[in-house]
Amino acid sequence: SGQLPSFATCTSLVNFYCNNNQFSGQLPSFATCTSLVYFQCSSNQFSGELPSFATCTNLSNFRCYINQFSGQLPSFATCTSLVNFYCYINQFSGQLPSFATCTSLSNFQCSSNQFSGVLPSFATCTNLVTFYCNNNQFSGQLPSFASCTSLVNFYCYINQFSGQLPSFAACTILADFRCNNNQFSGQLPSFAACTILADFRCNDN
């Protein structure tokens, strides 16, 4: 419990796990740990702003879920090897930064925060399998995910998305799709190509 001490002098750090404890307060900077590949601080009581991991250019797995982080989520644009990113169940707010340079991204979950504004495009993240942005305050048009042909699970429910729902016809292995509790309007696009779709929810729009 208590404050996590600094690991700034541990410049060869590759894997860092401190999950499932009762650490609290500000997360110290890991900016000097430029070899960091796997970072997990989930299921603690960390609060305040998340420090930048921009110098950790080899980062592939980042998990800070189930904490009390707040403020703007820093950019991970330099972390071009990022595969898994989980920041769900925190208090992040403001605009979600772009992950367009993270072209290896496979699993992305930012659900249950206070993100707002337009959702940035994930069109370059062509390996995306799971995408959850539910339970936020995103608004405006939902961007196209047509290039994300490996998409299996897609949740954007409980937001303020509006306008036409884009086509997911290219996502032929889509199994679970939930866009309920938004403000989508117009014609519902066809999901006929999604032949293994098992759970579909578009209620309350």
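Rings of Phe, Tyr and Trp (its six-membered ring) count as a pair if their centres lie within 6.5 Å, with planes under 30 degrees apart called stacked, over 60 edge-to-face and the rest tilted. By that rule, the count here is 46 aromatic pairs. What you're looking at is a predicted model, where local features need pLDDT of at least 70, side-chain atom pairs count only at pLDDT 80 or more, and totals for chains, interfaces and linings use all residues. Residues are numbered from 1 along each chain as its sequence is written, and side-chain values use heavy atoms, leaving out hydrogens and water.

**The two sheets**

Strands here are DSSP runs (E, at least two residues), numbered from the N terminus, and two of them pair if DSSP finds at least two bridges between them.

- One open sheet has nine strands with parallel pairing, in the order S1-S3-S5-S7-S9-S11-S13-S15-S17.
- At its edges stand strand S1 (15-17) and strand S17 (199-201), each with a single partner strand, so one side of each has no neighbour in the sheet.
- Neighbouring strands of this nine-strand sheet are turned by 10° against each other on average, direction ignored; the axes behind such angles are lines fitted to C-alpha atoms.
- Inside this sheet's order, S3 and S5 sit next to each other: strand S3 (residues 38-40) and strand S5 (residues 61-63) pair in the parallel sense over three bridges, with Phe 39 opposite Phe 62 in S5.
- The other open sheet has eight strands, also with parallel pairing, in the order S2-S4-S6-S8-S10-S12-S14-S16.
- Its edges are strand S2 (24-25) and strand S16 (183-184), each with a single partner strand, so one side of each is left without a neighbour in the sheet.
- Strand S10 has parallel partners in S8 and S12: two bridges tie it to strand S8 (residues 91-94), and two bridges tie it to strand S12 (residues 137-140).
- On the S8 side, Gly 94 has Phe 115 of S10 as its bridge partner, while on the S12 side Ser 116 stands opposite Gln 137.

**A serine at the sheet edge**

- Ser 24 lies in strand S2, which runs parallel to strand S4 (residues 45-48) and is joined to S4 by two bridges.
- Opposite Ser 24 in S4 stands Gln 45.
- The C-alpha atoms of Ser 24 and Ser 47 are separated by 6.6 Å, although the two are 23 residues apart along the chain.
- With a relative accessible area of 25%, Ser 24 is partly exposed (buried means under 20%, exposed over 50%, partly exposed in between, using a 1.4 Å probe and protein chains only).
- Leaving aside neighbours within four places in sequence, Ser 24 is in contact (heavy atoms within 4.5 Å) with Gly 2, Gln 3, Leu 4, Gln 45 and Phe 46.

**Loops**

- Ser 111 sits in the loop between strand S9 (107-109) and strand S10 (114-117), and its 7% relative accessibility makes it buried.
- Setting aside neighbours within four places in sequence, the contacts of Ser 111 include Tyr 88, Ile 89, Tyr 132 and Cys 133.
- Ile 89 has a positive phi of about 55° although it isn't a glycine; it lies in the loop between strand S7 (84-86) and S8 and is partly exposed at 40%.
- Asn 20 is another non-glycine with a positive phi, of about 60°; it's in the loop between S1 and S2 and counts as exposed at 56% relative accessibility.

**Core and rings**

- The largest nonpolar core (buried Ala, Val, Leu, Ile, Met, Phe, Trp, Tyr and Cys residues joined through side-chain atoms within 4.5 Å) has 56 residues.
- Those with the most contacts inside the core are Phe 53, Phe 76, Phe 99, Phe 122, Phe 145 and Phe 168.
- Beyond neighbours within four places in sequence, Phe 145 touches residues including Phe 122, Phe 131, Phe 154 and Phe 168.
- The rings of Phe 7 and Phe 16 have centres 5.0 Å apart and planes at 75°, so this pair is edge-to-face.
- Phe 7 is partly exposed at 24%, whereas Phe 16 is buried at 5%.

**Cysteines**

- There are zero disulfides in the structure (a disulfide being two cysteine sulfur atoms within 2.5 Å).
- For Cys 41, the nearest cysteine sulfur is that of Cys 18, 5.4 Å away.
- For Cys 102, the closest cysteine sulfur is in Cys 125 at 6.5 Å, too far for a bond.
- Cys 41 is buried at 0% relative accessibility, and Cys 102 is buried at 0% too.

Conventions
Helices (H or I, at least four residues) and strands (E, at least two) are DSSP runs, numbered from the N terminus. Axes are lines fitted to C-alpha atoms, for helices over the stretch in contact, and angles run from 0 to 180 degrees between N-to-C directions.
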